[in-house]
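This report describes the architecture of a protein for a reader who has its sequence and three-dimensional structure at hand. The reader is invited to follow each element in the display below.

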Amino acid sequence: MDIRNFVIIAHIDHGKSTLADRFLELTGTVERREMRAQFLDIHPLEREKGITIKMQPVRMAWQGRILNLIDTPGHADFSYEVSRALAAVEGAILLVDATQGVQAQTLANLYLAQQEGLVVIPVVNKVDLPSAEKEKTMEELSALVGCRPEDVYAISAKEGTGVEALLSAVMEKVPPPSEKISKYRNGEMADAPLRALVFDSKYDRYLGVIAHVRVVDGVLKKGDKIHFMAGETGAEVLEIGVFTPERSPGTGLQYGEIGYVATGIKEPARVRVGDTITRYIDISKYRDIEPLPGYREIAPVVFASLFPENQDAYESMRDALGKLHLEDAAFTFTPEDAGAQTHAFAGRGFRAGFLGLLHMEIVAERLRREYGVALALSRPSVAFRVTFQDKHKEPITVYSAVRLPPAQEIGDITEPWARVEMVAPARFLGAITSLLTGAEGIITKAETLAPLETRVTDMAVPASRWDLSLTGRAGDRLHLEGEAPLREVIVDFYDRLKSISQGFASFSYTLIGYRTGDLVRLDILIAGEEQPVLGEVVPRARAYDIGRQRLAALKELLPKELFAVALQASIAGRIIARETIPAAKKDVTSHMYGGDRTRKMKLWKKQQRGKKRLKETGRVTIPPDVFFKLR
Ligand code: GDP
Ligand code: MG
């Protein structure tokens, strides 16, 4: 079988799904009358937001060859999944919008493709637009991938210009699949032990987990008994087939092919992206089958509390979370601790973990729409790792401030850091540098994205004046790399980056591991009462400022009471900031017209009693939305 496997990678909105549409049309995979824009964006949320969330593979036939294409989500939250899709193919079309130029996710995706050793075909898209800077973008892209500008393809995915030539280039430049391990080769192909890479999965009520696979070595057939190496789970192949792009059942898949395997497995967590499938019969025959490289356990990195808006909906919310988890095993959830986290105004809820902020938004939105759950989300946080003074105590992972042990017991706290990647016009270098510094981060690299010739002139500039020369040339665009705590990156870094760069900067981030931080727990007290859900883990050096900020925000958000309310921020029991909400002067008799003095007196008395009672219990009414607005 003559096969070519490839992906389309690009920054968000540069036209991946639209280009996929043209390929589907050109190859007659989808009838013209069935065609709709972004055909592979199947999910309603994808169609509405215009973004690809779920990878979608499709098999096309063209000029006697099988072409397997995987449309990928551009967003950094899904970069592990994308990296596994890249491991499932031999080539990548790297698409850049001619009106935008190379962007942060273009770079991030190119690195991933290079790591997998893929043949990269550089393409400039949207050349039909009047604002397209075709030549400039071709030069920029060629400098990036290291080819001549004329080797960059220029297309309009919308109008179809240049698309056929591009598909021919895929046929010509992307190598056919080869068995990656030759040591098992003893003549017969069918003799090779099976190794198939799971690059994605879906859940089906009847068929259980459906693994999306690339067969790397050997043959996989319906009825085979299979084994997931990392998931340590067995299954039988209930159905096997290819994507057209619907599932289209067949009898088997052989090395080089991309398709799906229905397993009947009811626990999605057992079928992991990046895992290797083998056959039981092969395990006994070849004892030393090695799992395919690159498998990583994906763990959520961003956590938030989810609360049903109406407490009666708690149980149905739990059901909905369970069902959604079947379809999206990457997000996790547990009920909040009854004591610590249950809150007077937020009520009972769940702590959920996500791959990133977009993932969080998608999960919340799907719960609202597909499961009809009215819910509110807390401020997102990261997971901290805490060791103890007492060396015999096991380190713990903490993802909400209330669970941070008392300061005197803590050995150290480490937190996730991210490498951030930004592309922006050079004139914003100063603003971006201070943004990153403010977020406790640093710039580690700055280089121009300008064409090669311009770079050469850079060499003439003494290194000491390099940065100055960069900022001096306002027309250039820069590729900036930096590092910052994920805690800062996930809150509103991107929004601020957009605003300081007038919308010009693009952004992407990847996790680079855990680092020690001088962190403390900041507690918020309202009328002397600690509010567990408002607690936060913050850097010691900025605790005072953050405490003041939070109190100022609370002061705005909380309604006035009939008595003054004290707001305090504290660290380890020591008050570091305070604010007071003055009492409201409310005339309880204002609704009464005319003279009944005794009735008025009665109400005034009642108000006095009320104030006294309120003072005694310190009871403050906190509207539920305060918690969620306080971000
Ligand atoms: P993706 O996020 O990379 O999958 O991008 P999409 O395929 O969803 O396209 C993003 C937007 O760009 C959509 O509104 C497309 O209609 C538009 N678009 C894509 N390709 C072209 C093109 O060649 N020319 C023009 N004018 N618009 C395009
Ligand atoms: Mg898309």
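The following paragraphs treat the overall composition, two sheets, a smaller group of strands, a strand with alternating side chains and a pair of helices.

## Overall composition

The structure is a predicted model. The protein contains 17 helices and 32 strands. Of its 631 residues, 52% are buried. Contacts between residues at least 6 apart in sequence can be sorted by their separation along the chain: 71% of them join residues at least 24 apart.

## The six-stranded sheet

An open sheet is formed by six strands in the order β2-β3-β1-β4-β5-β6, and its pairing is mixed. Its edge strands are β2 and β6 (153–154), each of which pairs on one side only. Helix α5 (residues 134–145) packs on this sheet and touches β4 (91–97), β5 and β6. The direction of helix α5 makes about 165° with that of β5.

Strand β5 (residues 119–125) and β6 run parallel and are joined by two bridges. Within this pair, Val-124 has Ala-154 of β6 as its bridge partner. A further helix, α6 (residues 163–173), lies across β1 (3–10), β2, β3 (65–71), β4, β5 and β6. Helix α6 runs at about 170° to β5.

At the other edge, strand β2 spans residues 56–62 and includes Gln-56. Gln-56 has a relative accessibility of 4%, and because buried means under 20%, this residue counts as buried. The C-alpha atoms of Gln-56 and Pro-73 are separated by 9.0 Å, and the two residues are 17 residues apart along the chain.

## The eight-stranded sheet

A second open sheet consists of eight strands in the order β11-β10-β16-β7-β8-β15-β12-β13, with antiparallel pairing. Strands β11 (233–236) and β13 (247–249) stand at its edges; each has a single partner strand, so one side of each is left without a neighbour in the sheet. When direction is ignored, neighbouring strands of this sheet are turned by 40° against each other on average.

The edge strand β13 is joined to strand β12 (residues 239–243) by three bridges, and the two run antiparallel. Here Gly-241 has Pro-249 of β13 as its bridge partner.

## Strand β19 and its partners

Strand β19 (residues 350–354) is mostly covered, as five of its five residues are buried. Phe-350, Ala-352 and Phe-354 point one way from β19, whereas Arg-351 and Gly-353 point the other way; all are buried.

Strand β17 (residues 302–308) runs antiparallel to β19 and is joined to it by five bridges. In this pairing, Phe-303 has Gly-353 as its bridge partner. Strand β18 (residues 332–335) also pairs with β19 in the antiparallel sense, over four bridges. The bridge partner of Thr-334 is Arg-351 in β19.

## Strand β22 and its alternating side chains

Which side chains of strand β22 (residues 384–388) are buried, and which are not? Phe-384, Val-386 and Phe-388 point to one face and are buried, while Arg-385 and Thr-387 point to the other face and are not.

Strand β22 pairs with strand β23 (residues 396–398) in the antiparallel sense. Arg-385 stands opposite Thr-397 in β23. Strand β22 also pairs in the antiparallel sense with strand β24 (residues 410–425), where Phe-388 stands opposite Ile-410. The table lists strand pairs described in this report.

| Strand pair | Sense | Number of bridges |
|---|---|---|
| β5 and β6 | parallel | two bridges |
| β12 and β13 | antiparallel | three bridges |
| β17 and β19 | antiparallel | five bridges |
| β18 and β19 | antiparallel | four bridges |
| β22 and β23 | antiparallel | three bridges |
| β22 and β24 | antiparallel | three bridges |

## Helices α8 and α10

The axes of helix α8 (residues 314–327) and helix α10 (residues 357–370) come within 11 Å and cross at roughly 125°. Helices α8 and α10 are therefore oblique to each other. The crossing in which α8 passes α10 is right-handed.

On α8, the contact is made by Ala-320, Leu-321, Leu-324 and Glu-327. On α10, the contributing residues are Val-363, Arg-366 and Leu-367. The residues of this contact divide into five nonpolar, no polar and two charged.

Notes. Residues are numbered from 1 along each chain as its sequence is written. Chains are lettered from A and ligands numbered from 1 in the order in which they are written. This is a predicted model: local features need pLDDT of at least 70, side-chain atom pairs count only at pLDDT 80 or more; totals for chains, interfaces and linings use all residues. Side-chain values use heavy atoms; hydrogens and water are left out. Buried means under 20% relative accessible area, exposed over 50%, partly exposed in between (1.4 Å probe, protein chains only). Two strands pair if DSSP finds at least two bridges between them. Contact means heavy atoms within 4.5 Å. Axes are lines fitted to C-alpha atoms, for helices over the stretch in contact, and angles run from 0 to 180 degrees between N-to-C directions. Angles under 35 degrees count as roughly parallel, over 145 as roughly antiparallel, 65 to 115 as roughly perpendicular and the rest as oblique. A crossing is left-handed if the near helix is turned anticlockwise from the far one by less than a right angle, and right-handed if clockwise. Ala, Val, Leu, Ile, Met, Phe, Trp, Tyr, Cys and Pro count as nonpolar, Asp, Glu, Lys and Arg as charged, and the others, Gly among them, as polar.
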